[in-house]
Amino acid sequence: MTAALIVTRCSGRLGSTTSVRVGAAMVWLSVIVLLPLAAIVWQAAGGGWRVFWLAVTSHAAIDSLRVTLTISAGVAVINIVFGLLIAWVLVRDDFVGKRLVDAIIDLPFALPTIVASLVMLALYGNSSPVGLHLQHTGWGVGVALAFVTLPFVVRAVEPVLLEIDRDAEQAAASLGAGGPKIFLSVVLPSVTPALLSGAGLAFSRAIGEFGSVVLIGGAVPGKTEVSSQWIRTLIENDDRTGAAAISIVLLSISFVVLFLLRVGGAHAARREEMTA
């Protein structure tokens, strides 16, 4: 009886501690994430459905969304290729300065995005020291977005490459498979979920980016003006409802992408457990 009572009391204390942790986490999540989201939804709905629809379907809004989604999708695809290449080099190759390169990968996370835009302007502006003049062009916006989103793909793929069973690669090589065949049949299927996850995060970050494109892009309507810059224009014109409406569209796109990544990741994990 005494042992059973002790177990019961310990279980009660553990359950109470868990409840406190969960409650604290939910309160913090609500204050930092849910309440601001609820506020932006409330502001977007303030003018009614008709005002919301007019805001998100205006010519300027559609142009900004087209520029944003097109360039962000292109950057995500580029990051898939070069993010995988950089992750592969950092994991599989040894060279002088490897630790320095590994640290530089995280620099866009720490660097203020306006500084990134200033760097891009100095490198690719009208006085470009390398002869590439990308200011006020879509290519300039793409380079800026690639700079700030590359780490998402690299850091998502690196742990998977580290955990890949090298014995499977050696077995494929012993059966006569060449390097490209081994990569396509053994390595790529293993890293694809992480690769897509990193690309999805990069895309979600890119569609909401502002600081890194504000100088190099120049906000040329229909050409380099991304949705975040159009939102700023609406706020400057005291159209907060319209700005909130465009924000809701961007938030919805990001949420759908992230939700699909979670569902796809869970499905891939279950399939891997079933085949293991």
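User: What makes residues 182–203 a helical span?

Analyst: In this predicted model, residues 182–203 are 100% helix and 0% strand, with the end C-alpha atoms 29 Å apart. The UniProt annotation "transmembrane region", from an unreviewed entry, includes 182–203 among the stretches it covers.

User: Why is the pair of W49 and W53 called stacked?

Analyst: The ring centres of W49 and W53 lie 5.9 Å apart, within the 6.5 Å allowed for a pair, and the planes meet at 25°, which is under 30 degrees, so the pair counts as stacked. Both residues lie in helix 2 (residues 48–57), four residues apart, about one turn of the helix.

User: Why does W49 count as exposed, and why does W53 count as partly exposed?

Analyst: W49 has 60% relative accessibility, which is over 50%, so W49 is exposed. W53, at 47%, falls between 20% and 50% and therefore counts as partly exposed.

User: How do you know that F255 and F259 are stacked?

Analyst: Their ring centres are 6.2 Å apart, within 6.5 Å, and their planes stand at 20°, under 30 degrees, so the pair of F255 and F259 is stacked. Both residues belong to helix 12 (residues 240–275), where four residues, or about one helical turn, separate F255 from F259.

User: What makes R92 count as lying over the face of W88?

Analyst: R92 is at 4.5 Å from the ring centre of W88, within the 6 Å cut-off, and R92 is found to lie over the face of that ring.

Methods
Residues numbered from 1 in each chain as written. Predicted model: local features only at pLDDT ≥ 70, side-chain atom pairs only at ≥ 80, totals over all residues. Heavy atoms only, no water. UniProt positions renumbered as here; feature names shortened; annotations may be inferred. Helix = DSSP H or I, 4+ residues; strand = E, 2+ residues; numbered from the N terminus. Phe/Tyr/Trp six-rings, centres within 6.5 Å; stacked < 30°, edge-to-face > 60°. Buried < 20%, exposed > 50% of the residue type's maximum accessible area, 1.4 Å probe, protein only. Lys NZ or Arg CZ within 6 Å of the ring centre and 35° of its normal.
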